[in-house]
Amino acid sequence: MNDFTVKVPATTANLGPGLDCLGMALDIWNTLSVKIGESGIEIRGEGRDTLQNIKSNLVLTGFEAAHDSIGVPLTTVGFVCENSVPISRGLGSSAAAIVSGLVAGNHLLGDKLDNNQILKLATAIEGHPDNVAPAILGGCQIVVANEEDILTSTIPTHPTMNAVMFIPNSSVSTKEGRSVLGGAVARVDAIHNLSRVALLVNTLRSEELSNLNIATEDRLHQPARQRVFPAMKPIMNAATQAGALGVFLSGSGPTILALCAGRETTIGYEMAEVASKSGVDGTIKISLPSNAGAYITRK
Ligand code: HSE
């Protein structure tokens with residue numbers, strides 16, 4: 001086998017109301033180069049200063065999981081990770097790392113695992129399927145955990161819809177982002193989110209995106225996360241006022257993602273401006289959704 005490369009996209013989870021069951025791939029990519037006959041992990045780009053602990057490296061965790069699942073001893077290879085997905089910002093950096101390791105291990109061992117097996121292994125490592133599903137499959141994914149199985153269904157993404165992200169400089173790990181969520185939810189809040197998820201799916205499938213403002217509302221996780229990230233609401237309001245179609249916390253945050261069809265630069269600028277006034281510095285990224293998920297190049 002020759003050296004090969006795995007590409008895996010960034011992802012945004014929840015899309016507002018779809019807590020743990022909706023996710024969408026973005027056109028921002030991590031590249032994992034697999035070097036046959038070498039060893040060690042080199043990290044370039046995002047995480048180059050923070051991800052040097054090889055034992056806890058999620059690429060390696062995914063690579064090992066593929067070997068365990070196929071039932072063969074671990075192969076020694078060298079990895080070069082060129083990361084464009086920001087770390088611990090709610091854009092699926094851990095899902096991208098896990099999936100890249102799984103896909104690399106699977107390819108090295110003869111592509112014995114199908115996408116659904118990779119999805120189950122990645123979910124077991126990540127804890128939630130909503131980032132790993134679009135990282136593997138691309139597009140916008142409905143993810144349904146059903147006893148032992150995980151079902152996915154693709155929502156076609158709108159060709160003119162862009163994502164504008166305000167990415168704060170400070171990070172939030174998924175564990176921290178989840179620790180603020182309560183247990184039981186009131187029926188009225190469950191109904192609020194059910195109705196919006198249904199509307200969101202129908203709206204994304206349609207030509208008319210104007211319902212996205214209501215369809216991206218949420219009561220199951222954003223209010224709790226707002227309490228630890230007070231600038232969230234003002235940044236979201238700034239995006240809406242500047243012309244965003246819908247806006248939500250990306251995954252467990254802190255990135256705020258606005259869905260737009262035009263005015264992207266203005267929307268990004270307004271979000272950054274309001275964030276800065278609240279003492280939150282960060283960067284703006286604009287990306288299309290990606291219909292492609294993880295894939296292998298330079299076979
Ligand atoms: N659905 C997850 C959450 C995404 O909101 O905590 C983060 O992995």
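Okay, a definition to start: by "charged" I mean Asp, Glu, Lys and Arg, by "nonpolar" I mean Ala, Val, Leu, Ile, Met, Phe, Trp, Tyr, Cys and Pro, and the others, Gly among them, go down as polar. With that in hand, the shell around the ligand here splits into six polar residues, four charged and two nonpolar. And keep in mind, folks, that this is a predicted model.

So, where does the ligand sit? In the largest pocket. Its shell takes at least three residues from domain 1, which is 4-154 plus 290-297, and at least three from domain 2, 162-287. On the helix side, α4 (129-137) gives at least two residues to that shell, and α5 (174-179) also gives at least two.

Which residues come nearest? Twelve residues surround the ligand, and the nearest are Asn14, Asp20, Asp130, Arg178 and Arg225.

Let's go through some polar contacts. The side chain of Asp20 has an N or O atom 2.5 Å from a nitrogen of the ligand. For Asp130, a side-chain N or O atom is 2.6 Å from a ligand nitrogen. Then there's Arg225, with a polar side-chain atom 2.9 Å from a ligand oxygen. As for cover, the ligand on its own has 260 Å² of accessible area, and the protein covers 98% of that.

Back to Asn14 for a second, since the backbone there may catch your eye. Asn14 is in the loop between β1 (4-13) and β2 (22-36). Its phi is positive, near 80 degrees, and this is a residue other than glycine.

One last backbone item. Where is the cis peptide bond I want to show you? Between Gly253 and Pro254, with omega at about 10 degrees. Pro254 belongs to the loop that runs between β8 (246-249) and β9 (256-260).

That's my tour, thanks.

Conventions: Residues are numbered from 1 along each chain as its sequence is written. This is a predicted model: local features need pLDDT of at least 70, side-chain atom pairs count only at pLDDT 80 or more; totals for chains, interfaces and linings use all residues. Side-chain values use heavy atoms; hydrogens and water are left out. A residue is near a molecule or strand if one of its heavy atoms lies within 4 Å of it. A polar contact is a pair of N or O atoms within 3.5 Å; within protein, one must be able to donate a hydrogen and the other to accept it, and residues adjacent in sequence count only if both atoms are side-chain atoms. Accessible areas come from the Shrake-Rupley method with a 1.4 Å probe; for residues, only the protein chains shown count as cover. On a 1 Å grid over the protein atoms alone, a cavity is a set of points where a 1.4 Å probe fits but cannot get out, and a pocket is an open set with protein on both sides within 12 Å along at least five of seven lines; lining residues have an atom within 4 Å of a point. A molecule sits in a cavity or pocket if more than half of its atoms lie within 2 Å of its grid points. Helices (H or I, at least four residues) and strands (E, at least two) are DSSP runs, numbered from the N terminus. Domain bounds come from an automatic or database domain assignment.
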